[in-house]
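Colleague: I would like a close look at the salt bridges in this protein, with some sense of the fold around them. Please take me through that part once the model is in front of us.

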Amino acid sequence: MGSDCLFCRIVAGEIPATVVRETDTTLAFRDIDPKAPVHVLVIPKEHYADVATLAQGDPALAADVLATSAAVAEDEGLLGDGFRLMFNTGAYGGQEVFHVHAHLLGGAPLGPMLARDLT
């Protein structure tokens, strides 16, 4: 992707991030505006706009993102009490950065999936 993608720039080392795990294909780093005691973003190093295009375009890379997420959850001590792994996709899904990323959240009870009643 071009220089306008925030996460591509983090992967390239142009923007600093607090990295917690890196593999050949993925990068996991702390969210700068955490929504839980543990809030880590897990991304593929290769640019895909969202989880749907990643899953269709490179299922093996999608699996790498999940494997890295599980490893980070273990490293952060989240396996016992649980955690949430969430992909926001598109405008209705609340996606703000259009480079696929998993939000790994935990370290405290997270409450309901949605903050408000949508009915």
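Among contacts in the protein between residues at least 6 apart in sequence, what percentage join residues at least 24 apart? And which parts of the chain do the salt bridges join?

Modeller: Bear in mind that this is a predicted model; in it, 50% of the contacts between residues at least 6 apart in sequence join residues at least 24 apart. The protein has 3 helices and 5 strands, which follow one another in the pattern α-β-β-β-α-α-β-β. Its radius of gyration is 14 Å, close to the 14 Å that the globule rule gives for 119 residues, so the protein is as compact as a globular protein of that length.

Within this fold there are 5 salt bridges, among them one between aspartate 75 and arginine 21, whose closest N and O atoms are 2.7 Å apart. Because aspartate 75 belongs to helix H3 (residues 59-75) and arginine 21 to strand S1 (residues 19-22), this pair ties together parts that are 54 residues apart in sequence. Arginine 21 itself is partly exposed, at a relative accessible area of 28%.

Another salt bridge pairs arginine 30 with glutamate 76, with 2.8 Å between the closest N and O atoms. This pair also links distant parts of the chain, 46 residues apart, since arginine 30 is in strand S2 (residues 26-30) and glutamate 76 in the loop between H3 and strand S4 (83-87). Both partners are partly exposed, arginine 30 with a relative accessible area of 32% and glutamate 76 with 25%.

Note on methods:
Residues are numbered from 1 along each chain as its sequence is written. This is a predicted model: local features need pLDDT of at least 70, side-chain atom pairs count only at pLDDT 80 or more; totals for chains, interfaces and linings use all residues. Side-chain values use heavy atoms; hydrogens and water are left out. Helices (H or I, at least four residues) and strands (E, at least two) are DSSP runs, numbered from the N terminus. The radius of gyration is taken over C-alpha atoms; the globule rule is 2.2 Å times the number of residues to the power 0.38. Contact means heavy atoms within 4.5 Å. A salt bridge is a side-chain nitrogen of Lys or Arg within 4 Å of a carboxyl oxygen of Asp or Glu. Buried means under 20% relative accessible area, exposed over 50%, partly exposed in between (1.4 Å probe, protein chains only).
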